[in-house]
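This report looks at how the interior of one protein chain is put together, moving from a single helix to the cores and then to individual buried side chains.

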Amino acid sequence: MTTKTYSEVWDLDVFFKGGSESEEFTAHLNETEEQIEQFKQSVQGWEPSNEASESSQLIELLKKFEETSKKIRQAGAFVSCLEAQNTEDKAANKHRATVTLLSAAFQSVLTGFDEKLTSFDQNVWEDILQTEGLSELSFVLTERREKAAEKLSEKEESLINALGVDGYHGWSQMYDVIVRTVKVPFTENGEEKLLSVGQASNKFSSPDREVRKTVFKSWEEAWGEKADYLSKTLNHLAGFRLTVYDKRGWEDPLKEPLAINRMEKATLDSMWNVISSYKAPFVKFLERKAQLLGLEKLSWYDLDAPLGETETKVSYQEGAQFILDHFSKFGEEMTSYSRTAFEDSYIEAEDRAGKRPGGFCTFFPETGQSRIFMTYSGTPSNISTLAHELGHGFHSYAMRDVHTLNRSYAMNVAETASTFAEMIVSDAAVKNAQSEEEKLSLLEDKIQRSVALLMNIHARFLFETRFYEERKSGMVSTERISELMLEAQKEAYAGALDEYHPTFWASKLHFYITGVPFYNFPYTFGYLFSLGIYAQAIEEGAGYEEKYIDLLKDSASMKVEDLAQKHLNTDLTKPDFWEKAVQLCVDDVEEFLALTEKK
């Protein structure tokens, strides 16, 4: 038993007192607006002379860039927390609109700033980057300069940013509005309840198949009722994005997400090709799980079903201690950070109505703290989610001494740290299981994550790439979108399921996020990349944490191929790395199959 009692509700007052009615936050938004205007004046007044002496002016502008960026991110993080903790908070929704406007204004200023970076000749630019205070930023500054050269004029890009507030980002916000209206009816102990989508999704891990099946039927119907609104939303969001790409002369919708994730298409293709060729062991796992549950074939709502008759619940306090115990076997820094997160109320975990589904971690750069959001109901997957989000938080913590402009790591690398943390907990839990039944349960939960990342996310990727191709020719009907999703799921799961989830495209927030297009594939990259790092950590044993932190520090200032070459001595465009990583997942499946042979 643990003696610690950690709060399940986060502390947001440390940032701005009073929640969405906070006067401090209103003042912060006003200050942010003023700072953007000052930065704008400075950028507009800068007339680069194509000489190395411009470095001093550039350093001054970068200081203002850094300060303004911190203010906007602080505001965005706070609003994300307000919206997630209470989907009925209308004041938070208004704040979101304000932050979106401020972000668009800031992006427009940056568009002008970036375009001015392109005015330097290459040899002058290289001289400028030798200057003290700029050399450490050479990667991110050159990246901005190169991206600007591929875009439209400053005037046109500023217009796109401005129109995006009510267009592009507006459609993303429309999704949030629609989701708030989705309620899933469920009868428990003779009483009908209206579950939030977060509460309903937790029911899919119930040991009772009737519960899972009933909730899934209601779930499909609830999303189906909103499908026309959501397909309109998805079509317009994608249409806006594709129109911008067309004007820039970008034919491949993956060009932007690959650039954002600082990776080559050859790397992405290599990863998916290896995954596609390794489906058979996971199909065997799904078939074995069906047998263990007394079914001919699993349905979508059986994927998270626990094995065994009893539903074991782990309290939040026990879950927290479990994570801390296993982190401590890896390194002091990660343990210390996570203990602080629990003790200082960084985490919103309470299981209550009105919360947004899913989990996330967000960073408050002005305060140097993270906040983690999830709904904890005591399942093994809840513990995994909590460890995952703590991994995100640790990534930000590891980079605390790195220059602010070198902290914007791409999503695929961000998922590396989170998945690595998750792996420590799940792997150690399997190895330290007290009984064969416990080992089987933990191993199954671990494999479920592989199935999610190598099959579910593969389905999302297949769906999204095909949807975007069809959207180039015009609006795609609600029915067709569901058909595309069904086809993608059947292919990604290699026909292993009996029933699928054709309205998954409607229920999954990730398709509607405007900050990062094609938000899904980085999860799979991060999972397999972290497996490679994890294998190295096991091999080297004690003391690896320092090397791991060095890798995290570099994660926002080089391409992933270079990061892997430097820290792992491997070529990501070749199948070897991916095969070794996927093989670790297959090893789990083989152990599971061996353990369940007699059963």
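Against which helices do the buried residues of H23 pack? In this predicted model, the buried residues of H23 pack against helix H12 (265-277), helix H17 (411-431), H21, helix H22 (544-554) and helix H24 (575-595). Helix H23 itself spans residues 560-568, and its buried residues are Val560, Glu561, Leu563, Ala564, His567 and Leu568. They lie on the same side of H23, because the arc that they cover around the axis is only 160 degrees. An α-helix has 3.6 residues a turn, so residues three or four places apart point the same way. After H23 comes Asn569, a residue whose phi is positive, near 55 degrees.

Helix H22 can be described in a similar way. Tyr544, Glu545, Tyr548, Ile549, Leu551, Leu552 and Asp554 are the buried residues of H22, and they pack against helix H15 (332-343), H16, H17, H21 and H23.

The next topic is the nonpolar interior. With 140 residues, the largest nonpolar core has Trp505 and Leu528 as the members with the most contacts inside it, and helix H18 (residues 436-471) gives the most to this core, contributing 15 residues. A second, separate core of 42 residues has Ala92, Leu110, Trp125 and Ile128 among its members. When neighbours within four places in sequence are left aside, Trp505 is in contact with Ala227, Leu230, Ser231, Leu234, Phe463, Thr478, Ile481, Ser482, Met485, Phe511 and Tyr512.

How do H18 and H21 pack, in terms of angle and axis separation? The angle between H18 and helix H21 (residues 521-540) is about 145 degrees, and their axes are 9 Å apart, in a crossing that is left-handed. On the H18 side the contact is made by Lys446, Arg449, Ser450, Leu453, Leu454, Ile457 and Phe461, and on the H21 side by Phe521, Tyr523, Thr524, Tyr527 and Leu528. By class, the residues of this contact of H18 with H21 divide into eight nonpolar, two polar and two charged.

Individual buried residues can be compared through their surroundings, and the table lists three of them with their places and accessible areas.

| Residue | Place | Relative accessible area |
|---|---|---|
| Tyr376 | loop between strand E5 (369-373) and helix H16 (380-398) | 5% |
| Ser218 | helix H9 (residues 209-225) | 12% |
| Glu157 | helix H6 (residues 154-166) | 3% |

Tyr376 counts as buried because its relative accessible area of 5% is under the 20% cut-off. Leaving aside neighbours within four places in sequence, Tyr376 is in contact with Val314, Ser315, Tyr316, Gly319, Ala349, Asp351, Asn382 and Ile383. One of these residues, Ala349, is 27 residues from Tyr376 along the chain, yet the C-alpha atoms of Tyr376 and Ala349 are separated by 5.1 Å.

Which residues surround Glu157 and Ser218, once sequence neighbours are set aside? Glu157, buried in the model, is in contact with Thr111, Lys151, Leu152 and Arg248, not counting neighbours within four places in sequence. Ser218, which is also buried, touches Val184 and Pro185, again with residues up to four places away in sequence not counted.

Terms used. Residues are numbered from 1 along each chain as its sequence is written. This is a predicted model: local features need pLDDT of at least 70, side-chain atom pairs count only at pLDDT 80 or more; totals for chains, interfaces and linings use all residues. Side-chain values use heavy atoms; hydrogens and water are left out. A nonpolar core is a set of buried Ala, Val, Leu, Ile, Met, Phe, Trp, Tyr and Cys residues joined through side-chain atoms within 4.5 Å. Buried means under 20% relative accessible area, exposed over 50%, partly exposed in between (1.4 Å probe, protein chains only). Helices (H or I, at least four residues) and strands (E, at least two) are DSSP runs, numbered from the N terminus. Contact means heavy atoms within 4.5 Å. Axes are lines fitted to C-alpha atoms, for helices over the stretch in contact, and angles run from 0 to 180 degrees between N-to-C directions. A crossing is left-handed if the near helix is turned anticlockwise from the far one by less than a right angle, and right-handed if clockwise. Ala, Val, Leu, Ile, Met, Phe, Trp, Tyr, Cys and Pro count as nonpolar, Asp, Glu, Lys and Arg as charged, and the others, Gly among them, as polar. The arc is that of the directions from the helix axis to the C-beta atoms.
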